[in-house]
Every structure is written in C-alpha cells, then in structure tokens.
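Colleague: Please take one part of this model and go through it slowly for a first-year student. Explain each term as you reach it.

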Amino acid sequence: MKWSSNKSWLLFLPAVLFLILPLYGLAAAISQSFQQQGEWTLSAYQQLFQSDRFLSAVGFSLEVAFLSSLLSLLIGLLFTRSFYPYLASHTPRLIVWMPMLFPHFVWGYMVILLLSETGVLAQVFTLLGGDDFPTLTQDSRGIGIILTYVWKEVPFVILMLLPVYATIKPEYYDLVKTLGGGAWSQFKQVEWPHLLPVMIETFLIVFAFTISAYEVPALLGTTFPEMLSVLSYNWFYGSSWDDRSLAFAAMVLLSLFILILTFIGYIYMNKKRFRMMKGKS
Amino acid sequence: MSYVLEANDLTKQFHKERILNRVQFQLKKGEVLSIVGPSGSGKTTLLRTLAGLEKPTEGTLSMSGHDITEKKANERSIGLVFQQPLLFPHMTVEENIRYGAKFARSSKKDSVTDLLSAIELSDYRGYYPAEISGGQQQRVALARAIATEPDVILFDEPFSSLDPKLRHDLRIWLREFLAERSITSIFVTHDTEEAMLMGDRVGVFHEGTFQQIDRPEVLYKEPANAFVARFIGGHFVLSEHEYIPLSNCSVTTNAYETGRRYMATIQHITFQHGQTIAHMSMEDLNKTTTLPVAGAEVGQTVWLSFPDEQICAFGGRAV
C-alpha cells in the first residue's frame, strides 16, 4: 500500500512512454512549421491565412466533419433508443458492430462500388429505366465522404451509447409517468442528463477523426474543394520543399483547434458528471 | 357515498399467473390505508395497477365516482413514492420539487417554498441529491410527489432502505405530515408494526387479495383467518378455525389443571422491552411460539396452558 501511494507516479510511466512518439511528432511539426530554409519565421502561417485553397479546405473540412459527426450521433442515438432492449443480446449487437471491423479505406471502396456512377445502385437504377443517377461519390459537396463516415461511425456511436441506456434505472421512467410527464419528459429528464456527457465525448472523437483522417476523403473526395488532410498530404509530398512547412502549419492549427475543442468539452462534461455524482462541493 | 378511491374486483394476470385476485376496497378522503403482506403477495403490483403503470386484466378503478381504469399513469391524479427516492441527480433539491410542481393542476408560487419548509429542508434547497442523506432524499421524493397535488399518494415501502432509527423517526414524521394535510394515501409495507403505525386502517394482503381490512386493534382482537392471526402475531393458532391470544396463555413448569396444555422446550432467549422472551418449540403440535417467560432457561421444559373459555374462532365469533 505504502509503495503504491509513494510510487503512484510510476503507473503513469507506460502512458508517458506511449506518448513520447506522438508528442515528438507534434513538437517536430510545430518546430518545422516555424522554419523555412533553416530560419525561424511566421511566414507559413501568414501564407496559410492568405491562401484561398487553405481557407476553402478549412470550410469544407469543418462542414464535412460536423455533418458526419452530427448525423452519426443522431442516427446512432435514434437506433440505440429504439432497439437497446434487443441490442442486449449477443447476435444483434455483433451485427450492428460489424462495420467497425473493417478499415475505413475498405469501407470507402465499398461505398464506391455501391454508390458511384458506375456502381451497383447506379446499374440497378439504369436497369429500372432511370437515366440520371445522382453523383454521390467524388462530388464537390462531400456526400460520398459523409455517407462513408456516417455508415462507419454509427456503430461506434451505438457502442458508446448502449452502456448509458443499460445503466438507466427503468423506475425513473415510471416515476416521470406518475408525476404527470409524458415521453418527452422521460427523454429530457431521465435519458438526456446521462446521454449528454457521452454524446459530447463521442462527438469529439468522431469529429477529431473525420476532420483529420486522410483515406476516405482521398478516395471519395474531389480536387477542389479538398479536405484539410488531403491538402496537407499533397503539400507534404508535393514537388516543392517550401510547401512542407505549410503542411506542418496546417496540421498544427488543426491539432490546436481539436485540443481547444476537447478541453472545452472536457471541462463542461466533468462539471456535469461531478455535480451528478458529488454535488457542488 | 363517493369515495376518493374505489377498486372493484381488480384482477391482474401475467400469462397464467393471477397476481391480483378480485381486489376490492374503498378509501375515504384523508384516510391512510396501510397494506401489509409477505413478499410476493402482490402488494407492489396492486400499487402499480392503482398508479396506472399496469393495466388490470379485469375490474374497475374509480376516483371520486369517475372511472379511471383506462386512464394512463400521467393522466391520473395519483402520486407514487418509490422504495428508492429516485431523485434526479442533475437537479438540486429545490429543482426536484419544482419539477413535480410543474405538473400540478393549480400553480401556487410559494408551494415549493412551503414544501421545502414542511419537509424541514429549506436550508438544503441548493444541494444536489448526492450531498444529502438517504432520509432527506426520501423526504424530497415525498415533497416532489405532493408538489403534483395528487388526490391520492401511494407509498411503496419508502423506508425499506433506511436504517432502523431513521426509519422509526421518519414513520412518525410522515404520519403527522399526512394527518396535518389530510392527504389520502396508501402505504405499502411488509412490516406489521409500520403498517399499524401508519394506517388508519390496515389491509392484510396475501395471494393477490385482502384477507382483512380493519382498524389495527380490530385486526389484532378479531383476526379474520389463520393467515391474518399468524401474520399480525400475538396469537397462538390452534387450527384453521380457532386461536387463542398469547396474552391468555400461561407458561408453567406444571400442567394447568383445566383446558388444553402442551409441552414445550425453550430453544432460545431474547430480551425485549424489559422482558425475557422465550422462543419455544412444541413437538406434539410441530409448532413454535414466542412468549415472555420470567426466569426462562435454554433447554428448559415448560407447559403452555390454554384455558378453554379463552379460545376464539376466527372472524370474532366465540367458540
């Protein structure tokens, strides 16, 4: 006992060791984003904010990531709320979680095979007499990317929300009824306070992933507008060595944005959770 | 006469099992009815059916002369206080009560403040449920139920999760609280002492129906059947038809000259209310009983004597 209380910092060691690599990567990226031809400068950041390509990539990335995360959350919530008694058994739960087993790029290929203009659905559409199948993949509005992410992330949202529903005492639903409340009151007072912190957490995870992941937008996106990750990749592996600092600066700004968002979410969530568990003190 | 609550032949069946069997009772304005019975007798199902959380298979339920059998729980003017306080953990004490008041038919501005003061928790209005004790939580749950201004409040063993001292104090507090406000209520418990303390009348519930509903002293003096006599205690049940109050039994080391007598062995001794209580087994009758016996010793053989003239028949008839 004495050992564990005195040396509890040792327990952090594995986590610290694990974080060395990404932290080194982040530090190196920050350092290189402020350097050009061996000199310290803010020019990469200045160029970024003057670049229309970068600003449209930011807008497009935010839009795609926000819509993907929000739709995943809403569909996942609706699905979990409607079917959670069935999802308690093994087989239905496995079926729902199946898409999580596939890597994102495999899922992206599947969406192309199904929904592209030469895909399965388009062929069925033509066979049925249709002559103008809508562009759902590699489109300028990011529909293909959003569809892929929503399809892939809904099972993850269910995975996160299912334990919440499993822990809500069913007596609370009866309580609201006997007090005079209906279905909306049950959702608002019984479910929502438990769901909200997990929803924020899940949103942050899905949002951080969708705004920064590369494979899906590279497969299903267009050259303009492009997602921030694709643009950074192109700058990083492009022919001009000078563009590398732009790639680093873009990724540093994105990381900073995600960190600030996570910090705000974390503070808010913990305040809510702490009050439910311990009160104000 | 129109009763505040009246159940007629209320029956509830789950698959083939009949949980409530033609339950019948009436409740007057301001009356407190205690329902006592062993676990699994159907008490909670009865409360849930009255509250509208379960639909009866047969029978009717009316409030002040109006049939409410088909009404949903949130449309009935019946509140329910559960075994657990079930306070909303994200709301303060005051917000929990205010949530109940939101559904009240008439909204008085000061009702929440009044209720906080009535439950003696005005100083805790800004506290969260995690910051107050179990007894305080249960009082908040009661105030929240009252805030909806129901015509009847149902209590489903509200003190069962509290320690004996707190439980005792809260019983007295609640009894006075209900009496002062003339709140019509049904109090379910499995504890006979609690039932007698809380109720103007006590209903003994067994096998899905009332075995007897009466004032506590009538239940004790004139049990309707062997089950009531055994459950209420204080009687020696001789057969399914006759019993003798334990106060009329005598324990001697010699056989009583007249009446029935049975040999008993003292197996355990406990002490209660300043008396030595002997727990005895009567091998001839294959029964056990408990009586105060001065100077009792474990292993001692004694005679229990029942004078013939004191033996009673169930239902208050003389033998």
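Modeller: What follows goes through the cavities, then the salt bridges, and then the largest pocket.

This is a predicted model, in which local features need pLDDT of at least 70 and side-chain atom pairs count only at pLDDT 80 or more, while totals for chains, interfaces and linings use all residues. Residues are numbered from 1 along each chain as its sequence is written, chains are lettered from A and ligands numbered from 1 in the order in which they are written, and side-chain values use heavy atoms, with hydrogens and water left out.

Cavities come first. Rolling a probe the size of a water molecule over the atoms shows where empty space is left. A cavity is a set of points, on a 1 Å grid over the protein atoms alone, where a 1.4 Å probe fits but cannot get out; a lining residue has an atom within 4 Å of a point. Grid points are joined across faces, edges and corners, and a volume is the space filled by probe spheres set on the points. The whole structure has three cavities of 30 Å³ or more.

The largest cavity holds about 60 Å³ of space. Its lining is made up of B:Val81, B:Gly135, B:Gln138, B:Arg139, B:Leu142, B:Phe155, B:Pro158, B:Phe159, B:Leu170, B:Trp173 and B:Leu174. Helices (H or I, at least four residues) and strands (E, at least two) are DSSP runs, numbered from the N terminus. In chain B, helix H4 (134-147) and helix H5 (164-181) each give at least two residues to this lining. H4(B) gives the most, with four residues. By type, the lining of the largest cavity has eight nonpolar residues, two polar and one charged. Here Ala, Val, Leu, Ile, Met, Phe, Trp, Tyr, Cys and Pro count as nonpolar, Asp, Glu, Lys and Arg as charged, and the others, Gly among them, as polar.

The second largest cavity has about 50 Å³. Chain A contributes A:Leu175 and A:Leu179 to its lining, and chain B contributes B:Leu80, B:Val81, B:Phe82, B:Pro85, B:Ala141, B:Arg144 and B:Ala145. Two or more of these residues come from each of helix H9 (171-179) of chain A, strand E6 (78-81) of chain B and H4 of chain B. The largest share, three residues, is again from H4(B). Eight residues of this lining are nonpolar, none is polar and one is charged. B:Val81 appears in the linings of both cavities.

Helix H5 of chain B, met at the largest cavity, also takes part in salt bridges. A salt bridge is a side-chain nitrogen of Lys or Arg within 4 Å of a carboxyl oxygen of Asp or Glu. There are 21 of them over all chains.

B:Lys165 and B:Asp169 form one, with their closest N and O atoms 2.7 Å apart. Both residues lie in H5 of chain B, four residues apart, which is about one turn of the helix. For accessibility, buried means under 20% relative accessible area, exposed over 50%, and partly exposed in between (1.4 Å probe, protein chains only). B:Lys165 is exposed because its relative accessibility is 57%, whereas B:Asp169, at 36%, is partly exposed.

B:Arg171 forms a salt bridge with B:Asp191, the closest N and O atoms being 3.0 Å apart. This pair links distant parts of the chain, 20 residues apart: B:Arg171 is in H5 of chain B, and B:Asp191 is in the loop between strand E8 (184-189) and helix H6 (192-198) of chain B. With 6% relative accessibility, B:Arg171 is buried. B:Arg171 and B:Asp191 also belong to a network of salt bridges with B:Arg167, B:Glu193 and B:Glu194.

Another pair, B:Glu31 and B:Arg201, meets in a salt bridge at 2.5 Å, N to O. B:Glu31 lies in the loop between strand E2 (17-27) and strand E3 (32-36) of chain B and B:Arg201 in strand E9 (residues 201-206) of chain B, so the pair ties together parts that are 170 residues apart in sequence. B:Glu31 is buried at 7% relative accessible area, and B:Arg201 is partly exposed at 22%.

Last comes the pocket, an open set of points with protein on both sides within 12 Å along at least five of seven lines. The largest pocket has a volume of about 580 Å³. Of its 17 lining residues, B:Ile232, B:Gly233, B:Gly234, B:Gln272 and B:His273 lie nearest its centre. H6, helix H8 (226-232), strand E15 (275-282) and strand E16 (287-292) of chain B each supply at least two residues of the lining. Eight of the lining residues are nonpolar, seven polar and two charged.
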